[in-house]
Amino acid sequence: METNPHYSPENIGFSTSLRVGRKAKPEGTIVNIEGVKIGGTEVVIIAGPCAVESREQLFETARAVRNGGAKILRGGAFKPRSSPYNFQGLGEDGLKLLGQIRKEIGLPVVTEVMDTRQVELVSSYADMLQIGSRNMQNYPLLKEVGMSRKPILLKRGMMATIEEFLLAAEYILNQGNDQVILCERGIRTFETSTRNTLDLSAVPMLKRLSHLPVIVDPSHGTGLRWMVPAMAKAAVAVGADGLIIEVHYKPEEAICDGHQSLDHNDFINLMTDLKKIAEAVNREISLPDPS
Ligand code: PEP
Ligand code: MN
């Protein structure tokens, strides 16, 4: 049989001797975030607002996503914004709110760290550290979080190849931290009808090449609220170990990314559909009892 070497994963220049390589751990890595395990049978849903805006906003959204079946709360306190004049996040006040609501609602939290100087501070509030797309190739930052003992959510750079993405994860593993989750969040292409082009083929490719869990962000991947459910379902169907979804209690009033945020009802409906897709591909999504 003739094969096309160009499309063979073994031929994209990716060395099988890397720590992130599938060969290093054929059974796959399970990342444990305060007891929530990503990389096993369960498809784990992370949800919450793009940015922490206020106590009321975070609390209401956190309660709704927990009741809908999310297992981890997201929310940015330090926001990487294209314009320096846009809302940059609440900073440490946002971290404090995350710390409080984490306890009240009972969900672990993930939040972005943008700077090596903030790793210690962010780690004192967060259960998992997010490295955003714009920082995927910030090597000092990758090394710094590699030295921390927190799980890391590494988002694919918007211009990064699969190989560059895996090599970025390698920086973290090299420092002794193997609790890394890879997140496909869309890449830049010539297409302008969506915010990014969500590369769902990255999911089976990454899972073939690496033992690290892979999740998908359909919110940044599309930039379109109405398209998020369709791509979220597709992501579970292609084998994602989890999803990270932006949800806001009042999307039309959100300071950041409201146009791509689901409201509470959208989220609850999506979770019921995702459960069915997960079961069809021999995975699980456990939903709380509706009491
Ligand atoms: C985010 O998750 O809020 C975010 C800024 O994502 P990305 O780094 O993928 O753009
Ligand atoms: Mn966002």
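This briefing covers a manganese site, the strand beside it, one helix pair and two residues with positive phi. The model is predicted. The manganese ion (ligand 2) has four donor residues, Cys 50, His 220, Glu 246 and Asp 257. Glu 246 belongs to strand E10, where it is buried, and Asp 257 follows in the loop between E10 and H9.

**Manganese site**
- The donor atoms are SG of Cys 50, NE2 of His 220, OE of Glu 246 and OD of Asp 257, and their distances to the manganese ion (ligand 2) run from 2.0 to 2.4 Å.
- Along the sequence, the donors of the manganese ion (ligand 2) follow the spacing C-x169-H-x25-E-x10-D.
- Cys 50 sits in the loop between E3 and helix H1 (55–68), and Asp 257 sits in the loop between E10 and helix H9 (264–280), so this pair ties together parts 207 residues apart in sequence.
- Cys 50 is buried, at a relative accessible area of 2%.
- Asp 257 is also buried, at a relative accessible area of 11%.

**Strand E10**
- E10 spans residues 242–246, and 5 of its 5 residues are buried.
- Gly 242, Ile 244 and Glu 246 point to one side of E10, while Leu 243 and Ile 245 point the other way.
- Strand E3 (residues 44–48) runs parallel to E10 and is joined to it by 5 bridges.
- Within this pairing, Ile 46 is opposite Ile 244 of E10.
- Strand E9 (residues 214–216) also pairs with E10 in the parallel sense, through 2 bridges.
- Val 216 has Leu 243 in E10 as its bridge partner.

**Helices H5 and H6**
- The axes of H5 (residues 162–174) and H6 (residues 202–209) come within 11 Å and cross at roughly 50°.
- Because angles between 35 and 65 degrees count as oblique, H5 is oblique to H6.
- The crossing of H5 past H6 is right-handed.
- On the H5 side, Ile 162, Phe 165 and Leu 166 make the contacts, and they meet Ala 202, Met 205, Leu 206 and Leu 209 of H6.

**Positive phi angles**
- Most residues other than glycine have a negative phi.
- Asp 257, which is not a glycine, has a positive phi of about 60°; this residue is also a donor to the manganese ion (ligand 2).
- Glu 34, likewise not a glycine, has a positive phi of about 50°.
- Glu 34 is placed in the loop between strand E1 (31–33) and strand E2 (36–38).
- Glu 34 is exposed, with a relative accessible area of 60%, whereas Asp 257 is buried at 11%.

Technical notes: Residues numbered from 1 in each chain as written. Chains lettered and ligands numbered in written order. Predicted model: local features only at pLDDT ≥ 70, side-chain atom pairs only at ≥ 80, totals over all residues. Heavy atoms only, no water. Buried < 20%, exposed > 50% of the residue type's maximum accessible area, 1.4 Å probe, protein only. Helix = DSSP H or I, 4+ residues; strand = E, 2+ residues; numbered from the N terminus. Pairing = 2+ DSSP bridges. Donors = N, O, S within 2.8 Å, 3.2 Å for Na, K, Ca; no water. Axes fitted to C-alpha atoms, helices over the stretch in contact; angles between N-to-C directions. Parallel < 35°, antiparallel > 145°, perpendicular 65-115°, else oblique. Left-handed = near helix turned anticlockwise from the far one by under 90°. Contact = heavy atoms within 4.5 Å.
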